[in-house]
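Visitor: I would like to go through this model and ask how each label is justified.
Guide: Go ahead.

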Amino acid sequence: MGYDKDGKSYNIPNDAIKRIKAEAIKDTFEEFMKYLKEQYEDFRNIRQIILTGGTGAVYYDYMVDYCKKNAGHLVGKVYLTNYVYNGIKVEPQYAIVTGLYKALHREVIAAMKREEQKKTGK
């Protein structure tokens, strides 16, 4: 939704939103690559790239394209992780929350064991 000069709201067409989103992702990826190139000597010593999570999924095609154009030694060596938890495929955008769930679950189990030990003295 947008607002005109009189303050009245209007709907923004989906294709306009998609275009703005694509431009923002491309611009952000380019800035990210500038940083990585500076930090990692233009990728000369990198042997593979592993992307994960929602951002990894968004950047995957951009990274593959970048390597085709600028880092030929990495062509075919860019990977997007797949993740299965409790027999269910976890989509990349849920990787972080799944990890958080696992960490919290582990903490709850440990806290329950500590409480049981206090009660039983074992």
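Visitor: What percentage of the 122 residues of the protein count as buried?
Guide: This is a predicted model, and in it 17% of the 122 residues count as buried.

Visitor: Which helices and strands does the protein have, and in what pattern?
Guide: There are three helices and six strands. Along the sequence they come in the pattern β-β-α-β-α-β-β-β-α.

Visitor: How do you know what radius of gyration a compact globule of 122 residues would have, and what does the protein have?
Guide: The rule is 2.2 Å times the number of residues to the power 0.38. For a compact globule of 122 residues that gives a value near 14 Å, but the protein has 22 Å. The C-alpha trace spans about 65 × 55 × 30 Å along the principal axes.

Visitor: How many aromatic pairs are there?
Guide: The count comes to five aromatic pairs, with ring centres within 6.5 Å as the cut-off.

Visitor: Why is the pair of Phe-43 and Tyr-66 called tilted?
Guide: The centres are 5.8 Å apart, and the angle between the planes is 55°. Stacked needs planes under 30 degrees apart and edge-to-face needs over 60, so a pair with 55° is tilted.

Visitor: What makes this pair tie together separate parts of the sequence?
Guide: Phe-43 lies in the loop between α1 (14-39) and β3 (49-51), while Tyr-66 is in helix α2 (residues 53-70); the parts tied together are therefore 23 residues apart in sequence.

Visitor: Why do Phe-43 and Tyr-66 count as buried?
Guide: Buried means under 20% relative accessible area. Phe-43 has 4%, so Phe-43 is buried. Tyr-66 has 12%, so Tyr-66 is buried too.

Visitor: Why is the pair of Tyr-85 and Tyr-101 called edge-to-face?
Guide: The ring centres are 6.1 Å apart and the planes stand at 75°. Because planes over 60 degrees apart count as edge-to-face, the pair gets that label. Tyr-85 is in strand β5 (residues 83-85) and Tyr-101 in helix α3 (residues 95-120), so the pair links distant parts of the chain, 16 residues apart.

Visitor: Why do Tyr-85 and Tyr-101 not count as buried?
Guide: Partly exposed lies between the cut-offs of 20% and 50%. Tyr-85 has 24%, so Tyr-85 is partly exposed. Tyr-101 has 45%, so Tyr-101 is partly exposed as well.

Visitor: What makes Phe-29, Phe-32, Tyr-59 and Tyr-62 a cluster?
Guide: Ring pairs link these residues, Phe-29, Phe-32, Tyr-59 and Tyr-62.

Key:
Residues are numbered from 1 along each chain as its sequence is written. This is a predicted model: local features need pLDDT of at least 70, side-chain atom pairs count only at pLDDT 80 or more; totals for chains, interfaces and linings use all residues. Side-chain values use heavy atoms; hydrogens and water are left out. Helices (H or I, at least four residues) and strands (E, at least two) are DSSP runs, numbered from the N terminus. Buried means under 20% relative accessible area, exposed over 50%, partly exposed in between (1.4 Å probe, protein chains only). Rings of Phe, Tyr and Trp (its six-membered ring) pair if their centres lie within 6.5 Å; planes under 30 degrees apart count as stacked, over 60 as edge-to-face and the rest as tilted.
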